[in-house]
Amino acid sequence: MPDEEPRTELDERYSDEQATAVPWPQAVTRLAEAELYWLTTVRPDARPHVTPLIGVWADGALHFCTGPEERKAKNLRRNAHVVLTTGTNTLHEGFDLVVEGEAARVTDPVRLRALAAAWEAKYGAEWHFDVGDGVFVSPEAGEALVFEVAPRTAFGFGKGGYSQTRWLFA
């Protein structure tokens with residue numbers, strides 16, 4: 001799926017007077033370059049579950065993987081709505097991103113091979129995956145389910161020159 005150009009809005013209530021909306025391609029660059037993301041899922045009893053993980057941006061979506069019996073995988077079986085965040089842990093500099101969407105399983109072997117190559121290119125040989133029957137396979141960790149999250153809504157928070165940009169997707 002190609003990167004879609006969303007409607008872009010600056011929320012002036014939370015932005016400095018000189019702030020401008022950040023173009024979506026700049027946000028995509030930051031999403032692609034981030035090393036660590038935080039995934040929020042919803043437990044069956046409606047409590048949130050948040051965990052750090054690694055991932056890759058490809059084909060207009062963020063991708064992550066998880067073991068089939070990990071809490072996030074169990075949560076996703078019941079509720080596919082997620083939030084992925086990344087950014088800086090500082091108050092006066094950097095840029096934070098929040099991506100809202102639905103996690104969808106990726107099982108196509110051609111896509112999985114391309115994603116496995118992207119993981120290894122980004123994170124090194126330590127994160128090499130083979131492709132099994134609709135899953136990543138690692139000799140050390142076993143099978144991992146792969147998910148994609150195409151943004152439905154995304155937010156960007158500039159710091160040190162405060163700005164809040166919202167991107168809305170069709």
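In this predicted model, Ala46 is exposed, with a relative accessible area of 59%. That label applies because the value lies over the 50% cut-off for exposed residues. Ala46 sits in the loop that links strand E2 (37-42) to strand E3 (48-53). The backbone of Ala46 is worth a pause as well: its phi is near 80 degrees, a positive value in a residue other than glycine. For context, most residues other than glycine have a negative phi.

A second residue with this backbone feature is Asp59, where phi is positive at about 55 degrees although the residue is not a glycine. Asp59 is likewise a loop residue, placed between strand E4 (56-58) and strand E5 (61-66). Its relative accessible area is 40%, so Asp59 counts as partly exposed, since that class covers values between the 20% and 50% limits.

Attention now turns to the aromatic side chains. The structure holds nine aromatic pairs. One of them joins Phe129 and Phe136, whose ring centres are 4.5 Å apart and whose planes form an angle of 20 degrees. This pair is classed as stacked, because the angle falls under the 30 degrees that set the limit for stacking. Phe129 and Phe136 are both buried, which means that each has a relative accessible area under 20%.

Aromatic residues also come together in a group: Trp24, Trp57, Trp167 and Phe169 form one aromatic cluster. Three tryptophans and a phenylalanine thus make up this cluster. Among its members, Trp57 belongs to strand E4 (56-58), the strand that precedes the loop with Asp59.

Conventions:
Residues are numbered from 1 along each chain as its sequence is written. This is a predicted model: local features need pLDDT of at least 70, side-chain atom pairs count only at pLDDT 80 or more; totals for chains, interfaces and linings use all residues. Side-chain values use heavy atoms; hydrogens and water are left out. Helices (H or I, at least four residues) and strands (E, at least two) are DSSP runs, numbered from the N terminus. Buried means under 20% relative accessible area, exposed over 50%, partly exposed in between (1.4 Å probe, protein chains only). Rings of Phe, Tyr and Trp (its six-membered ring) pair if their centres lie within 6.5 Å; planes under 30 degrees apart count as stacked, over 60 as edge-to-face and the rest as tilted.
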